[in-house]
Amino acid sequence: MNALLAIDVAGINKHFGDKHVVKDLSLRVREGEIFGFLGPNGSGKTTSIRILCGLLTPDSGRGTCLGLDVLTESAAIKRQVGYMTQRFSLWDDLTIAENLDFVARMFGMADRRTAVEETLETLGLAGRRDQLAGALSGGWKQRLALASCLLHRPRLLLLDEPTAGVDPKARRDFWEEIHRLSADGITVLVSTHYMDEAERCHRLAYISYGQLLASGTAEEVVAGQGLHTWEISGEGIQGLAGRLRQLPGASLVASFGSTLHISGLDGAELQASLEGFVRESGLRMTAVSPSLEDAFIHLMRGGLDPYQG
Ligand SMILES: Nc1ncnc2c1ncn2[C@@H]1O[C@H](COP(=O)(O)OP(=O)(O)O)[C@@H](O)[C@H]1O
Ligand SMILES: [Mg+2]
């Protein structure tokens, strides 16, 4: 076991009936880092998170969470982990302070009052302590949910799509909070659908149909796909996506605002066919670095269709 790893699991499998939901998952998350967990709906993110914090037992595999065995020491793991579920719930007819006090009682915390006061302060909730949770905006509800997970001073936070359905300003604030927590030494594993959030993580993993397809820093994940990418701009390009996709060497086309990104694995082949195409259609092409989004689309295609990309 490596003391610098908050999560270190290997060969984790989980079936639900005959559905193989987590396939041979190996994951290493370093202490203090923000680790992003990306992947389409139904790819096994929630199931993996629940295995990591000892709520679900894997069919096979082994590993540690905070140095504790995920198979045999789940009670101890739960005490040191804060888990914000995908559909977190608050007591709508309790105030912010009462919600936190209630959670602190459930954890059986000896220094309940101090913990509640500290948490209200650190999360900027003190000024709203007497507001009913049910009357809060989505962003404040989510902040209260995060506060509830932090009361017992966990060393690891597992956040399952914490910003789904929250407005952009609240999402930005939430991420500043996550970075503050990480700077204080708390490890954060966060699942998300949002590309801009993926880019805010120190490292990330992409999972599809239960299979981990890539992991590393955003740069490493992008580089690992070996894509060659051009940006195409000009009149009427949106209508040309279909034709661009048919070009020899093209494996994916993605919209970026008013431009398109076209990528392929064989750069020379794609460049040659693109040059012919833009000459004929009066478009412009510029070689660019593939983005994380290009890489994710490529990974997703690989998972769905073995003949593409
Ligand atoms: N308790 C369960 N019983 C049966 N199937 C489940 C259960 N939980 C999840 N699944 C299935 O496992 C797959 C992965 O689900 P999940 O881990 O929730 O994915 P994600 O969080 O990436 O959307 C889905 O096909 C889902 O329907
Ligand atoms: Mg989920």
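A residue is buried if 20 or more other C-beta atoms lie within 10 Å of its own, exposed if 12 or fewer, and partly exposed in between. All views below show a predicted model.

**View 1. Two residues with positive phi, Glu 161 and Tyr 209.** Glu 161 is not a glycine, yet its phi is positive, about 45°. Glu 161 sits in the loop that links strand 7 (156-160) to helix 6 (168-183). Glu 161 counts as buried because it has 21 C-beta neighbours inside 10 Å. Tyr 209, also not a glycine, has a positive phi of about 50°. The loop between strand 9 and strand 10 holds Tyr 209. With 16 other C-beta atoms within 10 Å, Tyr 209 is therefore partly exposed.

**View 2. Strand 3 (residues 34-38) and its parallel partners.** Strand 3 is mostly covered, with 5 of its 5 residues buried. Ile 34, Gly 36 and Leu 38 point one way from the strand, while Phe 35 and Phe 37 point the other way. Strand 8 (residues 187-192) runs parallel to strand 3 and is joined to it by 5 bridges. In this pair, Phe 35 stands opposite Leu 189. Strand 9 also runs parallel to strand 3, through 4 bridges, and here Leu 38 stands opposite Tyr 206.

**View 3. Surroundings of Tyr 206 in the largest nonpolar core.** The core has 78 residues. Those with the most contacts inside the core are Ile 7, Leu 52, Cys 65, Leu 158, Val 188 and Tyr 206. Both domain 1 (5-216) and domain 2 (225-304) supply at least three residues to this core. Leaving aside residues up to four places away in sequence, Tyr 206 touches Leu 38, Gly 39, Leu 213, Ala 214, Val 221, Phe 296 and Leu 299. Leu 38, one of these contacts, is also the residue opposite Tyr 206 in the pairing of strand 3 with strand 9.

**View 4. Contact between domain 1 and domain 2.** The domain assignment of the protein chain gives domain 1 as 5-216 and domain 2 as 225-304. Taken over C-alpha atoms, the centres of the two domains are separated by 36 Å. Across the contact, 10 residues of domain 1 meet 7 residues of domain 2. On the domain 1 side, helix 7 (195-198), strand 9 (203-208) and strand 10 (211-216) each give two or more residues. That side consists of 8 nonpolar residues, 1 polar and 1 charged.

**View 5. The shell around ligand 1.** Phe 16, Val 21, Gly 39, Asn 41, Gly 42, Ser 43, Gly 44, Lys 45, Thr 46 and Thr 47 surround ligand 1. Helix 1 (residues 45-52) provides the largest share of the shell, 3 residues. By class, the shell divides into 2 nonpolar, 7 polar and 1 charged.

**View 6. The open antiparallel sheet.** Four strands lie in the order 2-1-4-5, and their pairing is antiparallel. Strand 2 (19-30) and strand 5 (68-69) are the edge strands, each paired on one side only. Within the sheet, 5 bridges connect strand 1 (residues 5-16) and strand 4 (residues 60-65) in the antiparallel sense. Asp 8 has Thr 64 of strand 4 as its bridge partner.

How values were computed. Residues numbered from 1 in each chain as written. Chains lettered and ligands numbered in written order. Predicted model: local features only at pLDDT ≥ 70, side-chain atom pairs only at ≥ 80, totals over all residues. Core = buried A, V, L, I, M, F, W, Y, C linked by C-beta atoms within 7 Å. Domains from an automatic or database assignment. Contact = placed C-beta atoms within 7 Å. Nonpolar A, V, L, I, M, F, W, Y, C, P; charged D, E, K, R; others polar. Near = placed C-beta within 6 Å. Pairing = 2+ DSSP bridges.
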